[in-house]
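Student: Please take one part of this structure and go through it closely. I am new to it, so keep the wording plain, and show me how other parts connect to it.

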Amino acid sequence: QVQLVESGGGLVQAGGSLRLSCAASGNTFSIYAMAWYRQAPGKQRDLVASISTAGATNYADSVKGRFTISRDNAKNTVYLQMNSLKPDDTAVYYCNAVRMREPGIGNSYWGQGTQVTVSS
């Protein structure tokens, strides 16, 4: 019911910056929160940052102070501004959205992912 399309991934040098975008379409009303996850080869998929419709944000400790998540509710788009990138940030980044159907019950949707590679 919700489609997510990520963009903005690529190859950057250590210390560089990159901005990821995720556009949601379909039944985008009642989306409670959107988030970015990442997964490196052989590792689990971890939360990078999340943001609620109201603007409350949460960040993984590893990216605090370097990454900023933002959201344009009118455009149903979430962004991840990544600064001071490190090689350890290399991963496939996935957009996630949670749409609440009723209090306490929601559906989770995932994008296809976008590759971020940080060279040393």
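Tutor: Two strands count as paired if DSSP finds at least two bridges between them. Strands themselves are DSSP runs of at least two residues, numbered from the N terminus. With those terms in hand, Val-2 can be placed: this residue stands opposite Gly-26 in β3. The model is a predicted one, and the part to look at is the sheet that holds this pair.

The sheet is open and has four strands, in the order β1-β3-β8-β7, with antiparallel pairing. Its edges are β1 (2–7) and β7 (67–72); each has a single partner strand, so one side of each is left without a neighbour in the sheet. From one strand to the next, the twist averages 15°.

Follow the strands across. β1 and β3 (residues 18–26) run antiparallel and are joined by six bridges. Besides Val-2, which faces Gly-26, Leu-4 has a bridge partner in β3, namely Ala-24. The next pair is β3 with β8, again antiparallel and over six bridges. Here Leu-18 is matched with Met-82 in β8. In a regular strand the side chains alternate between the two faces of the sheet.

Two residues named in those bridges turn up again in the nonpolar core. The largest such core has 30 residues, and Leu-4 and Met-82 are among those with the most contacts inside it, together with Met-34, Trp-36, Leu-80 and Tyr-93. Strands β1, β3, β7 and β8 of the sheet each supply at least two residues of this core, and so do β4, β5, β9 and β11 (114–119).

Leu-80 shows how the core brings separate stretches together. Apart from neighbours within four places in sequence, Leu-80 is in contact with Leu-18, Arg-19 and Leu-20, with Phe-67, Thr-68 and Ile-69, and also with Trp-36, Val-48, Ala-49 and Tyr-93. Two of these contacts, Trp-36 and Tyr-93, are themselves listed with Leu-80 among the residues with the most contacts in the core.

Trp-36 leads on to Leu-47, which lies in strand β5 (residues 46–52). Setting aside sequence neighbours within four places, the contacts of Leu-47 are Ala-35, Trp-36, Tyr-37, Asn-58 and Ala-60. Is Leu-47 buried, exposed or partly exposed? Its relative accessibility is 29%, which counts as partly exposed. Buried would require a value under 20%. Between Leu-47 and Ile-69 there are 12 Å, C-alpha to C-alpha, and the two are 22 residues apart in sequence.

Strand β3 also has a covalent link. The structure holds one disulfide, and that disulfide joins Cys-22 to Cys-95, with 2.0 Å from S to S. Cys-22 lies in β3 and Cys-95 in β9, so the pair ties together parts that are 73 residues apart in sequence. The torsion about the S-S bond is about -85°, so the disulfide is left-handed. Both Cys-22 and Cys-95 are buried.

The last connections are made by charge. Side chains of opposite charge can pair when their charged atoms come close. The count of salt bridges comes to three. In one of them, the side chains of Arg-38 and Asp-89 meet at 2.9 Å, N to O. Arg-38 belongs to strand β4 (residues 31–39) and Asp-89 to the loop between β8 (77–82) and β9 (91–102), so this pair ties together parts 51 residues apart in sequence.

Asp-89 also meets the side chain of Arg-66 in a salt bridge, at 2.7 Å from N to O. Arg-66 sits in the loop between β6 (57–59) and β7, 23 residues from Asp-89, and the pair links distant parts of the chain. Arg-38, Arg-66 and Asp-89 are thus linked in a network of salt bridges. Arg-38 is buried. Arg-66 has 10% relative accessibility and counts as buried, and Asp-89, at 1%, counts as buried as well.

The remaining salt bridge joins Asp-61 to Lys-64, their closest N and O atoms being 3.1 Å apart. Asp-61 is exposed, with a relative accessible area of 64%.

Back at the sheet, then: β1 pairs with β3 through six bridges, β3 pairs with β8 through six, and Cys-22 of β3 carries the link to Cys-95 in β9.

How values were computed. Residues are numbered from 1 along each chain as its sequence is written. This is a predicted model: local features need pLDDT of at least 70, side-chain atom pairs count only at pLDDT 80 or more; totals for chains, interfaces and linings use all residues. Side-chain values use heavy atoms; hydrogens and water are left out. Buried means under 20% relative accessible area, exposed over 50%, partly exposed in between (1.4 Å probe, protein chains only). Contact means heavy atoms within 4.5 Å. Axes are lines fitted to C-alpha atoms, for helices over the stretch in contact, and angles run from 0 to 180 degrees between N-to-C directions. A salt bridge is a side-chain nitrogen of Lys or Arg within 4 Å of a carboxyl oxygen of Asp or Glu. A nonpolar core is a set of buried Ala, Val, Leu, Ile, Met, Phe, Trp, Tyr and Cys residues joined through side-chain atoms within 4.5 Å. A disulfide is a pair of cysteine sulfur atoms within 2.5 Å.
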